[in-house]
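Colleague: Could you take me through this model feature by feature, giving me the general idea before each case? I would like to begin with the backbone angles.

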Amino acid sequence: MTQPVVDVAVGVLIREDGRMLLGSRPQGKPYAGYWEFPGGKMEPGETVHDALKRELDEELGITLRRSVPWFVTEHRYEHAHVRLHFRRSKDFTGEPVAKEGQEFGYFSASERTPGLLLPVDLAIVARAELPDVFEERADQTVLSTAALRATVVRDRDARYVGARAETFDDVMKARAMDFDFVIVPKAAFEECVRGGEALLPVYVEGVPAAELDRWQEAGAHGVKP
Ligand SMILES: Nc1nc2c([nH]c(=O)n2[C@@H]2O[C@H](COP(=O)(O)OP(=O)(O)OP(=O)(O)O)[C@@H](O)[C@H]2O)c(=O)[nH]1
């Protein structure tokens, strides 16, 4: 039997020091005790931002101001088929309070949480340190492959890998190959986020600083012109 898809709003809340908020799943829920990003199921008629705002308030007493779309991914559990709508935010207030008996804390991607992360979230934690604006530098390695023009971002620990994409098909391949993000030309953005939500974090080439907010609202981050 096919399970209905459950839409879930998930937040990557990044503190000033760059650490992200993670918490443990409360007792009584599937995967209780596993660590995850804050969020929860969307209610009918809610936008992703509104659902996230509600969940953050209900679970942790945090007030979410601005968040921007990041990417969407699906996963089939035994208990549910979920579509996770990730948004990123650096604009929130309030010290988290565990309202449902969960544990929580702020972590960098290289720090271990006290309990295991949900397996789906493992790769996404590394992506949380992707910058708002991607700056191409001389020490990055460009790999030529037949399938994709792949750019390996060699930061200190080679934590994430991106690919250049021009079509939706390129993006699908990049996702299948476990790339962490794509860089797309401005003119290809809409085609690459077919359906309105990106399958991977997207950077758009040549976004001037003055236009960054507008692109972020549409689900794209920037690459320095
Ligand atoms: N909040 C959250 N859920 C995630 C993440 N990753 C992930 O696979 N999920 C899945 O998305 C679903 C979210 O449901 P939930 O049980 O947390 O939502 P909720 O608080 O609205 O639940 P309830 O109202 O049924 O108690 C779960 O199946 C969970 O395993 C994540 O990083 N954060």
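Modeller: Please keep in mind that this is a predicted model. A good place to begin is just past a helix: α3 is followed by aspartate 178, and the phi of aspartate 178 is positive, near 65 degrees. This residue is not a glycine and nevertheless has that positive phi, and its place is in the loop between α3 and β12.

Colleague: Is aspartate 178 buried or exposed?

Modeller: The reading rests on a count of neighbours, where a residue with 12 or fewer other C-beta atoms within 10 Å is taken as exposed. Aspartate 178 has 9 other C-beta atoms within 10 Å and is therefore exposed.

Colleague: Which other residue has a positive phi although it is not a glycine?

Modeller: Tyrosine 31 has a positive phi of about 60 degrees, and it lies in the loop between β2 and β3. Tyrosine 31 counts as partly exposed, because it has 15 C-beta neighbours inside 10 Å. Glutamine 27 also belongs to the loop between β2 (20-24) and β3 (35-36), and with 10 other C-beta atoms within 10 Å it is exposed. If neighbours within four places in sequence are left aside, glutamine 27 is in contact with Ala32 and Gly101.

Colleague: How should I read the helix itself, and which residues of α3 are buried?

Modeller: The general idea is that an α-helix has 3.6 residues a turn, so residues three or four places apart point the same way. In helix α3, residues 168-176, the buried residues are Asp170, Val171 and Ala174. Seen down the axis of α3, these buried residues fall within an arc of 100 degrees, so they line one face of the helix. On the other side of α3, Asp169 and Ala176 are exposed. The elements that cover the buried residues of α3 include β11 (160-164), β12 (181-184) and α4 (189-192).

Colleague: What can be said about the nonpolar core, and which residues have the most contacts inside it?

Modeller: In soluble globular proteins, nonpolar side chains tend to be buried together. Here the largest nonpolar core has 50 residues, and those with the most contacts inside it are Phe181, Val182, Val184, Cys192, Leu200 and Val202. At least three residues of this core come from each of domain 1 (5-127) and domain 2 (133-223). To take one of the core residues, leucine 200 touches Phe71, Val171, Ala174, Arg175, Phe179, Phe181 and Val182, when residues up to four places away in sequence are not counted.

Colleague: How far apart are the C-alpha centres of the two domains, and how many residues does each give to the contact?

Modeller: The C-alpha centres of domain 1 and domain 2 lie 23 Å apart, and the contact takes nine residues from domain 1 and 11 residues from domain 2. On the side of domain 1 that touches domain 2, β5 (63-76) and α2 each supply at least two residues, and the largest share, five residues, comes from β5. By class, that side of domain 1 has seven nonpolar, one polar and one charged residues.

Colleague: Finally, what surrounds the ligand?

Modeller: The ligand is surrounded by 18 residues, of which the closest are Glu36, Phe37, Gly39, Gly40 and Lys41. At least two residues of the shell come from each of β1 (5-13), β4 (39-41), β6 (81-93) and α2 (119-127), with the largest share, three residues, supplied by β4. The shell divides into 11 nonpolar, three polar and four charged residues.

Definitions and conventions. Residues numbered from 1 in each chain as written. Predicted model: local features only at pLDDT ≥ 70, side-chain atom pairs only at ≥ 80, totals over all residues. Near = placed C-beta within 6 Å. Helix = DSSP H or I, 4+ residues; strand = E, 2+ residues; numbered from the N terminus. Nonpolar A, V, L, I, M, F, W, Y, C, P; charged D, E, K, R; others polar. Core = buried A, V, L, I, M, F, W, Y, C linked by C-beta atoms within 7 Å. Buried ≥ 20, exposed ≤ 12 C-beta atoms within 10 Å, placed from the backbone. Domains from an automatic or database assignment. Contact = placed C-beta atoms within 7 Å. Arc of directions from axis to C-beta.
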